[in-house]
Amino acid sequence: MKPEEMPVHDKFGRLLEDRGVWRQATTLEAAGELTARWLEGGSSYQPGHFAPGSDNETKPIATALAELNRHGLFTKESQPGIRDGAAAQREYVTGFCSAATAGELLALSTRTELVTVAHAPGEASSAAIPVTLAGSEVTTVLGSSENPVEEEQIRDWAVETNDALALLLADSWYVEILDPLWGRNDVLLPAVLQALKRAEQP
């Protein structure tokens with residue numbers, strides 16, 4: 001195949017050149033920086049997100065999420081707080097981090113209303129804390145570990161990134177932080193950022 005005939009995007013519309021950069025990301029800091037660039041629109045590839053950009057719901061909080069990624073939390077999922085008729089959401093963010101950072105984020109639950117669920121490396125825990133409602137139906141829950149603890153999960157992360165990062169994530173803490181107040185959208189992300197900055201202090 002001639003160079004000019006090589007595909008530029010994958011089947012999800014993600015730029016293959018942006019995917020190539022993830023092959024070199026072997027630390028949480030590097031993964032966080034690449035995620036921040038994606039949130040800011042500077043990249044079209046994010047592991048596990050099968051679209052070239054973030055969804056409309058994420059755009060209003062993208063800048064705040066990018067800052068979290070640059071301060072020690074490689075974010076995986078998030079949503080803003082919403083109350084709209086029968087629909088309601090609790091704001092939350094999840095991600096991978098070091099043990100020290102997990103400790104600071106867990107401490108949020110001792111000094112604020114926020115709730116942090118921390119999963120140790122290798123932990124395959126499962127719970128169900130409702131964070132999204134459609135009328136009376138629960139459509140999203142938190143409380144389950146997302147660490148790649150099984151061989152198939154590690155392989156999936158390795159395919160999307162690289163072997164070294166996949167193994168690092170398997171050995172990292174996974175945290176879920178949520179605001180228990182439905183619809184509130186201005187407390188959680190600033191508090192998480194403060195905790196991350198505290199974790200960075202010597």
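**Figure 1. Glu-33 and Arg-37 in helix α2 of the predicted model**. Glu-33 has a relative accessible area of 25% and therefore counts as partly exposed, and Arg-37, at 39%, is likewise classed as partly exposed. Both residues belong to helix α2, which spans residues 28-39, and they are four residues apart, or about one turn of the helix. Their side chains come together in a salt bridge, with a distance of 3.1 Å from N to O.

**Figure 2. The salt bridge between Lys-76 and Glu-77, and a network elsewhere in the chain**. In this pair the closest N and O atoms are 3.3 Å apart. Lys-76 is partly exposed, with a relative accessibility of 33%, and Glu-77 is also partly exposed, its value being 31%. Separately, Glu-33, Arg-37, Glu-40 and Arg-70 are joined into one network by salt bridges that share partners.

**Figure 3. Arg-14 and Glu-160, a salt bridge between parts distant in sequence**. The side chains of Arg-14 and Glu-160 form a salt bridge with an N to O distance of 3.1 Å. Arg-14 is located in the segment before α1 (16-22), whereas Glu-160 belongs to helix α5, so this pair ties together parts of the chain that are 146 residues apart in sequence. Both Arg-14 and Glu-160 are buried. In the model as a whole, the count of salt bridges comes to ten.

**Figure 4. The surroundings of Tyr-45**. Tyr-45 sits in the loop between α2 and α3, the latter covering residues 62-69, and with a relative accessibility of 0% this tyrosine counts as buried. When neighbours within four places in sequence are left aside, the residues in contact with Tyr-45 are Asp-10, Arg-14, Leu-15, Asp-18, Arg-19, Trp-22, Trp-38 and Glu-160. Both members of the salt bridge between Arg-14 and Glu-160 thus appear in this list of contacts. Leu-169, by comparison, lies 124 residues from Tyr-45 along the chain, and the C-alpha atoms of these two residues are separated by 18 Å.

**Figure 5. Glu-91 in the loop between β3 and β4**. The loop that holds Glu-91 runs between strand β3 (87-89) and strand β4 (92-97). Glu-91 has a relative accessible area of 1%, under the 20% limit, and is therefore buried. Apart from residues up to four places away in sequence, Glu-91 touches Ile-61, Gln-79, Pro-80 and Gly-81, and, further along the chain, Ile-177, Leu-178, Asp-179, Arg-184, Asn-185, Asp-186, Leu-188 and Leu-189. One of these contacts, Asp-186, is 95 residues from Glu-91 along the chain, with 9.0 Å between the two C-alpha atoms.

**Figure 6. A negative surface patch and helix α5**. The patch is made up of Glu-150, Glu-151, Glu-152 and Asp-156. Of these residues, Glu-151 is found in helix α5, which covers residues 151-160, and is exposed, with a relative accessible area of 65%. Gln-153 also lies in helix α5, where its relative accessibility of 31% places this glutamine among the partly exposed residues. Leaving aside neighbours within four places in sequence, Gln-153 is in contact with Asn-147 and Pro-148. The C-alpha atom of Gln-153 is separated by 8.7 Å from that of Ala-166, a residue 13 places apart from Gln-153 along the chain.

Key. Residues numbered from 1 in each chain as written. Predicted model: local features only at pLDDT ≥ 70, side-chain atom pairs only at ≥ 80, totals over all residues. Heavy atoms only, no water. Patch = residues over 30% accessible without salt bridge, like charges linked within 9 Å, V, L, I, M, F, W, Y side chains within 5 Å. Areas by Shrake-Rupley, 256 points an atom, 1.4 Å probe, with all protein chains shown as cover. Salt bridge = Lys/Arg side-chain N within 4 Å of Asp/Glu carboxyl O. Lys, Arg positive; Asp, Glu negative; His and termini not counted. Charge placed at Lys NZ, Arg CZ, Asp CG, Glu CD. Helix = DSSP H or I, 4+ residues; strand = E, 2+ residues; numbered from the N terminus. Buried < 20%, exposed > 50% of the residue type's maximum accessible area, 1.4 Å probe, protein only. Contact = heavy atoms within 4.5 Å.
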